[in-house]
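User: Please take a close look at one part of this structure for me. I am new to it, so keep the sentences short.

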Amino acid sequence: MNISDIKIGYSVRPKIIAEIGINHEGSLDLAKRMAELAVENGADLVKTQLHIPSEEMSNQAKKVIPSHTKNSIFKIMEDCSLSIDDEYELKNFIESIGGTYLCTPFSATAARILGEFNVSAFKIGSGECNNPQIIQEISKYKKPTIISTGMNNLDSVKRTFFLTKKSDIETIFMHTTNLYPTPEYLVRLGSIGELQDL
């Protein structure tokens with residue numbers, strides 16, 4: 001698979017994806033600085049997340065308050081997300097400094113927006129691995145896609161695999177974890193072989 005001019009496969013070295021996510025806390029300036037540091041330090045791809053809270057969460061999320069904060073998860077995501085215009089500016093900035101932009105959409109609307117950005121590829125998080133609306137939306141753009149599997153079992157990954165095959169999306173499934181740091185007994189490196197067999 002090629003993402004922009006980056007080749008991914010068995011015959012080439014592993015690639016480094018620098019995850020900015022929402023660690024910029026909604027600041028475009030901070031996001032740009034993080035992207036600069038990632039590119040300067042050799043990251044092959046710089047990844048962000050496109051959140052539109054009203055599209056990905058129910059109103060019930062406005063009542064869910066994590067133990068480490070006084071704000072709801074909905075408010076946290078609102079505060080930590082870039083606007084669509086800022087996300088587009090960040091994409092162009094990353095590309096202007098020689099980086100490759102990658103972004104995870106958390107709703108079908110976010111996937112459509114990234115498609116309109118003409119991204120080089122899509123990155124689907126493990127929480128959305130089995131979101132057929134997102135998979136169907138990205139399939140319209142025929143871009144290479146990386147899908148994380150950490151929050152799924154092999155049966156749910158198979159459903160997504162067959163959906164991507166039917167949609168003719170060039171796909172890589174990644175063995176990932178959603179527990180940081182991951183205890184050694186939960187790493188499950190054998191899952192890589194299971195995904196390869198699939």
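Analyst:
**A three-stranded sheet and its loop**

S6 and strand S7 (residues 145-148) pair in the parallel sense, over three bridges. Strands pair here if DSSP finds at least two bridges between them. Strands (E, at least two residues) and helices (H or I, at least four) are DSSP runs, numbered from the N terminus. This is a predicted model: local features need pLDDT of at least 70, side-chain atom pairs count only at pLDDT 80 or more, and totals for chains, interfaces and linings use all residues. Residues are numbered from 1 along each chain as its sequence is written, and side-chain values use heavy atoms, with hydrogens and water left out.

Take the bridges between S6 and S7. Phenylalanine 122 has threonine 145 of S7 as its bridge partner. Isoleucine 124 has isoleucine 147 of S7. From S6 the chain crosses through H6 to S7, and this β-α-β crossover is right-handed. That term means that, with the strands pointing away from the viewer, the path from the first strand over the helix to the second runs clockwise.

Now the other partner of S7. S7 and S8 pair in the parallel sense over four bridges. One bridge links isoleucine 146 to isoleucine 172 in S8. Here the chain goes from S7 through helix H7 (residues 154-166) to S8, in a right-handed β-α-β crossover.

Put the strands together. They form an open sheet of three, in the order S6-S7-S8, with parallel pairing. Strand S6 (122-124) and strand S8 (171-174) stand at the edges; each has a single partner strand, so one side of each is left without a neighbour in the sheet. The twist averages 15 degrees from one strand to the next. Angles run from 0 to 180 degrees between N-to-C directions, with axes as lines fitted to C-alpha atoms, for helices over the stretch in contact.

S7 is covered on both faces: Thr145 and Ile147 on one side, Ile146 and Ser148 on the other, are all buried. Buried means under 20% relative accessible area, with exposed over 50% and partly exposed in between (1.4 Å probe, protein chains only).

Finally, the loop between S6 and H6 holds serine 126. Serine 126 counts as buried because its relative accessibility is 11%. Not counting residues up to four places away in sequence, serine 126 touches Ser148, Thr149, Gly150, Met151, Asn152 and Thr176. Contact means heavy atoms within 4.5 Å. A polar atom of the serine 126 side chain lies 3.3 Å from the backbone nitrogen of methionine 151.

Key. Polar contact = N/O pair within 3.5 Å; in protein donor to acceptor, adjacent residues only side chain to side chain.
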